[in-house]
Amino acid sequence: MSKVEFSSGTFKGLALMAIFAVVAFFLASLPFIKSLSLSPLIMGIIIGMVYANTLRSRLPQSWTPGLKFCTKQILRCGIVLYGFRLTLTDVAAVGLQAVFVDLIIVCGTLGLGIILGRVIRLDSETTLMTATGSSICGAAAVLGAEPVVRCDSSKTAVAVSTVVIFGTISMFLYPILYRAGILDGLSDSAVAIYTGATLHEVAHVAGAGNAMDPTDALGIAGDATITKMIRVMMLAPVLVVMSLILAKYRKSVVIDGQRVKNKVTIPWFAFYFIGIICVNTLLQGIFDAESVKDIPLNGTIEFIDTFMLTMAMTALGTDTSFDKFKAAGAKPFLLAFMLFIWLVLGGYFVTDFITTVLN
């Protein structure tokens, strides 16, 4: 790290994001916000965007490196620690059905997103970020893809906004479909897989699963979350393949107004994420823990991880003014809407087919 990155201004910028993250946690704990299953990450980007459009111009320039540190280093550490939320035992418990459905949904959403992005003539960076977020794990996937795609922070923020909006809609829609009997063609296990494989955020999956199966008596809530976490595991290979393809077909990129030569970007943090999952699996065996939450210090690590990701999300929001949304136009939201339709309808038929074949 350079001296500038560790200047007093940098620490002040970090402190500001930490304060905002505390506020985000407080707001997310309020009964009304909690009932909407809006996580601290989502509240963080909202706080950051409010700040960006009000007091951001008064932020001392020397504090900016602290904000950048949040969206780079702290973000990657947060994604690595995310691995403590899953074990290979969880994957085995749900079975191959969830793995195959997740694989088809991830590949199908990415491929369809790229095709649709070209059809509506959306720039490739925003297309990739939006498709990645829709296909894997919402905002966390968008943030993870940012160092590989190497685009302006405003495009990252737009992509995050799209997956948050449509993921929140899905979270309320799925329980309505379930209680209306529209999902009766699926078994309870298949409903769990469908929910985990097609909703955007982990928080959205948890919210929808709990609404459909509050006590987890049917196994919907628990299996939906595990299916979602299997999908999260696919972030690492997706980022590697994406990096190799971009390095081959894209010679240069424009970042913050400057054109730089493109290169293969190996997302090592994604591999560390997989490594942590393996370590967590060993810890589960060593401590004979029934579930991932029963592993010692798991709750503490999860809290620290969520706090770090909230800081990163908040910092991203502080660089997102309404002017940048206007510049982006309606196309990113149109793409996210079309992918939302695919996830709801296509995901249903994919889940029905796979679970029927493998039963």
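Helices are taken here as DSSP runs of H or I with at least four residues, numbered from the N terminus. On this basis, Ser-161 is placed in helix α9 of the predicted model. The relative accessibility of Ser-161 is 11%, so this residue counts as buried. Apart from neighbours within four places in sequence, Ser-161 makes contact with Met-49 and Phe-325.

Helix α8 comprises residues 139-149, and 11 of its 11 residues are buried, so the helix is largely enclosed by the rest of the structure. Its buried residues are Ala-139, Ala-140, Ala-141, Val-142, Leu-143, Gly-144, Ala-145, Glu-146, Pro-147, Val-148 and Val-149. The elements against which these buried residues pack are α4 (64-81), α7 (124-135), α9 (153-179), α13 (235-249), α14 (268-286) and α15 (298-317). After α8 comes Arg-150, which has a positive phi, near 60°.

The largest nonpolar core contains 89 residues, of which Met-17, Val-149, Val-160 and Met-313 touch the most other members. The greatest contribution to this core comes from α8, which gives eight residues. A second, separate core has 21 residues, among them Tyr-174, Leu-177, Met-212 and Phe-340. When residues up to four places away in sequence are not counted, Val-160 touches Ile-45, Ala-139, Val-142, Met-313 and Leu-316. Of these partners, Ala-139 and Val-142 are among the buried residues of α8, and Met-313 is one of the core residues that touch the most other members.

Helix α4, one of the elements packed against the buried residues of α8, contains Gly-66. With a relative accessibility of 0%, Gly-66 counts as buried, the limit being under 20%. Leaving aside neighbours within four places in sequence, the contacts of Gly-66 are with Thr-10, Gly-13 and Leu-14. Gly-66 and Leu-112 are 46 residues apart along the chain, and a separation of 37 Å lies between their C-alpha atoms.

At the surface, Leu-96, Phe-100, Leu-103, Phe-353, Val-357 and Leu-358 form a nonpolar patch of about 590 Å². Two or more residues of the patch are given by each of α6 (96-119) and α17 (331-358). Phe-100 is located in helix α6. The relative accessible area of Phe-100 is 38%, and this residue is therefore partly exposed.

Zero disulfides are present in the structure. Cys-107 takes part in no disulfide, and the nearest cysteine sulfur, belonging to Cys-137, is 15 Å away. From the side of Cys-137, the closest cysteine sulfur is in Cys-107, and the 15 Å between them is too far for a bond, because a disulfide requires sulfur atoms within 2.5 Å. The surroundings of the two cysteines were also examined. Cys-107 is partly exposed, with a relative accessible area of 49%. Cys-137, in contrast, counts as buried at 4% relative accessibility.

Conventions:
Residues numbered from 1 in each chain as written. Predicted model: local features only at pLDDT ≥ 70, side-chain atom pairs only at ≥ 80, totals over all residues. Heavy atoms only, no water. Patch = residues over 30% accessible without salt bridge, like charges linked within 9 Å, V, L, I, M, F, W, Y side chains within 5 Å. Areas by Shrake-Rupley, 256 points an atom, 1.4 Å probe, with all protein chains shown as cover. Salt bridge = Lys/Arg side-chain N within 4 Å of Asp/Glu carboxyl O. Buried < 20%, exposed > 50% of the residue type's maximum accessible area, 1.4 Å probe, protein only. Contact = heavy atoms within 4.5 Å. Core = buried A, V, L, I, M, F, W, Y, C linked by side-chain atoms within 4.5 Å.
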